[in-house]
Each structure stands twice: as structure tokens, then as C-alpha cells.
Amino acid sequence: MRKGFFETPFVKWSEDRVFLQRIVQDTTTDRDPRTTTSEKYNFEVKIFMDHNSYQDSTDILTEAIFSPKESFFHLPITPLSQCFLNILFDLTEIERRKFEAKVRASSGDPGQLEALYEEFQIAFQAEKRSWL
């Protein structure tokens, strides 16, 4: 059974599309008419990195992840909003792949990996703001 977007703690990117589930009606009511459209939703996307160094090698894992628990969507759920979510998910995956290529081209030194990740996070947050 496939779970919807707001039904799991984290959703990692895959070629399968994710779908917003219906939200209880009272949570979708806009209580303040001055609220702008962009204040009615937030999709919290993150790029996760884990690295483990052994004697002569380093394993690196990166994932594009959405956090449904930190996300909300208080607009009508339509095919357009479903498309918006998946485009955002795909853009995040594209950035993850670019980041992973940069990390894999590095020396694998744990300190350098952490520095690359910190640098990437700053740039990714700025990029993400331009999408939303």
C-alpha cells in the first residue's frame, strides 16, 4: 500500500510521483484573508548526507528528502498542486546529484566533506527560496 505525502515521517526521491492527501477541511480554511498564497504552503525539502570512512575508503550516501511533518499545504489539492510538488521534488533531486558529483570528486577527507556540505546547504537554501 502506497502512503501519501503527509502519512510518513520522510519521503525520499524516487521516479515514482508523490501525492498530496486530502487535508481535514478545517485546517485548509484561511482564517486571515490577508494571508498571501505563498504563506499557505511550505514543502520542507532537505538534502541528507552521510559519510563513513574506513581504513582506505569513504562511503558517501546522499538523499533528497521531503519532511511531511514540517510541511503544510492549505490550498485546494489539484493536479496543478500535485505537479508543483513533484517539480519541487525533482529540482531537489537535480541539486542533490550535482552535490554528490562534487563530493565524489573530492578527496573524501571527513573535514572537507563537512565543509562541502555546509557550503552546499547555504547555496541550496538560497536556490530553494527562488523556487518558492
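This report covers salt bridges along helix α2 in a predicted model.

## Basis

The structure is a predicted model, in which local features need pLDDT of at least 70, side-chain atom pairs count only at pLDDT 80 or more, and totals for chains, interfaces and linings use all residues. Residues are numbered from 1 along each chain as its sequence is written, and side-chain values use heavy atoms, with hydrogens and water left out.

A salt bridge here is a side-chain nitrogen of Lys or Arg within 4 Å of a carboxyl oxygen of Asp or Glu. The count by this rule is 8 salt bridges.

## Pairs at E93

Helix α2 spans residues 79–104; helices (H or I, at least four residues) and strands (E, at least two) are DSSP runs, numbered from the N terminus. Within helix α2, E93 and R96 are 3 residues apart, about one turn of the helix. Their salt bridge has its closest N and O atoms 2.8 Å apart. E93 also forms a salt bridge with R97, at 2.8 Å from N to O; these two residues of helix α2 are 4 residues apart, again about one turn.

Buried means under 20% relative accessible area, exposed over 50%, and partly exposed in between (1.4 Å probe, protein chains only). E93 is buried at 5% and R96 is buried at 11%, whereas R97 is partly exposed at 46%.

## E100, R104 and the network

E100 and R104 lie in helix α2, 4 residues apart, about one turn of the helix. In their salt bridge the closest N and O atoms are 3.7 Å apart. E100 is buried, with a relative accessible area of 18%, and R104 is partly exposed, at 48%. Salt bridges that share partners join E93, R96, R97, E100 and R104 into one network.
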